[in-house]
Amino acid sequence: MEGGGAQYNPRTVEEVFRDFKGRRAGMIKALTTDVEEFYQQCDPEKENLCLYGFPSEQWEVNLPAEEVPPELPEPALGINFARDGMQEKDWLSLVAVHSDAWLLSVAFYFGARFGFDKADRKRLFNMINDLPTIFEVVTGGVAKKQTKEKSLVSNHSSNKSKSNSKVRESQAKHSKASQPKDEEQGLDEEDEDEHGETLCGACGENYASDEFWICCDACEKWFHGKCVKITPARAEHIKQYKCPSCSNKRARP
């Protein structure tokens, strides 16, 4: 089964890794920014459902492929059956673990199919291993420095408006115009050191100093503005920001 774009077969290590990243991004969307829609689609009253990620960074909840054996390894079956029998965060974590396992199986299926040797397999694994797992992104396991980072942003708030204290735009010229050149360079280096290991709660990619970020006041995860559709101008009018996942949380029966 393929969707979210034209089907293709990656044949090099770089192509397989690109395929892996696209599928991974789609599944992370389903379990974070699109979590409410994903939750509703996983109706326990339906048949065995699977979560698919596509190279186009899209996701889909659907029945498994009918052909046997399938063209590609299949994701975990029946993720919808456990939805109402456990806490939502635990259910999402379970789906995330199975999604990580499926992504690896697809990547190394391509490696086996196109004859990757030992060096190619090792290089592919190392490239994959440099990314956080979906489980880590969904559970916040990659956010070890969030409290420290939020405190750091707060310490610099004297040079910014109060509403901007919860966003990171370390190269915003207006906030540094009055600083001496040496001091400005020092702050740039400090900002890079402190935030370099921060990962976006939506896409899982690393912090970059030239990108706009915003922190959720509920779960304290950081997000690219583009991933949660928040611009710097809009952020200035937000007193307390909640990410899509926290905004969509509601009482479960």
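**Close-ups of a predicted model**

In strand β2, the residue that bridges to Tyr 52 is Glu 60. That pair is a handy place to start looking around this predicted model; the legends below take in the hairpin, then the salt bridges, then the whole chain.

**View 1. Strands β1 and β2 make a hairpin**. Strand β1 covers residues 50-53, and strand β2 covers residues 59-62. The two run antiparallel and are paired through four bridges. Besides the Tyr 52 and Glu 60 pair, you can pick out Leu 51, which sits opposite Val 61 of β2. Five residues separate the strands, and if you look in the turn you'll find Glu 57, whose phi is positive at about 70°.

**View 2. The two hairpin strands, face by face.** Start with β1, which is covered on both faces. Cys 50 and Tyr 52 are buried on one side, and Leu 51 and Gly 53 are buried on the other. Now check β2, where the side chains alternate. Trp 59 and Val 61 point to one face and are buried, while Glu 60 and Asn 62 point to the other face and are not buried. So the bridge partners Tyr 52 and Glu 60 make a nice contrast, because under 20% relative accessible area is what counts as buried: Tyr 52 makes the cut, but Glu 60 doesn't. With Leu 51 and Val 61, which stand opposite each other, Leu 51 is buried and Val 61 is buried too.

**View 3. Glu 14 and Arg 123 join up in a salt bridge**. The N to O distance between these side chains is 2.5 Å. Glu 14 belongs to helix α1 (residues 13-31) and Arg 123 to helix α4 (residues 118-129), so this contact ties together parts that lie 109 residues apart in sequence. Glu 14 is partly exposed, at 37% relative accessible area. Arg 123 is partly exposed as well, at 36%.

**View 4. Asp 19 and Arg 23 form a salt bridge within helix α1**. Their closest N and O atoms are 2.6 Å apart. The two residues sit four apart in the helix, which puts about one helical turn between them. Is Asp 19 buried or exposed? Asp 19 counts as buried, with a relative accessibility of 2%. Arg 23 is buried too, its relative accessible area being 2%.

**View 5. Lys 226 and Glu 211 make a salt bridge between two loops**. Here the closest N and O atoms are 3.6 Å apart. Lys 226 is in the loop between β5 (222-224) and α8 (232-235), and Glu 211 is in the loop between α7 (181-195) and β4 (213-215), so the pair links parts 15 residues apart in sequence. Lys 226 counts as exposed, at 64% relative accessibility, whereas Glu 211 is partly exposed, at 24%. In total, the model has four salt bridges; among them are the pairs in Views 3, 4 and 5.

**View 6. Zooming out to the whole chain.** Nine helices and five strands make up the list of elements. Reading from the N terminus, they go α-α-β-β-α-α-α-α-β-α-β-β-α-α. Of the 253 residues, 41% are buried. Among contacts with a separation of 6 or more, 66% are between residues 24 or more positions apart. The accessible surface adds up to about 13,700 Å², with 49% of that belonging to carbon and sulfur atoms.

Conventions: Residues numbered from 1 in each chain as written. Predicted model: local features only at pLDDT ≥ 70, side-chain atom pairs only at ≥ 80, totals over all residues. Heavy atoms only, no water. Buried < 20%, exposed > 50% of the residue type's maximum accessible area, 1.4 Å probe, protein only. Pairing = 2+ DSSP bridges. Contact = heavy atoms within 4.5 Å. Areas by Shrake-Rupley, 256 points an atom, 1.4 Å probe, with all protein chains shown as cover.
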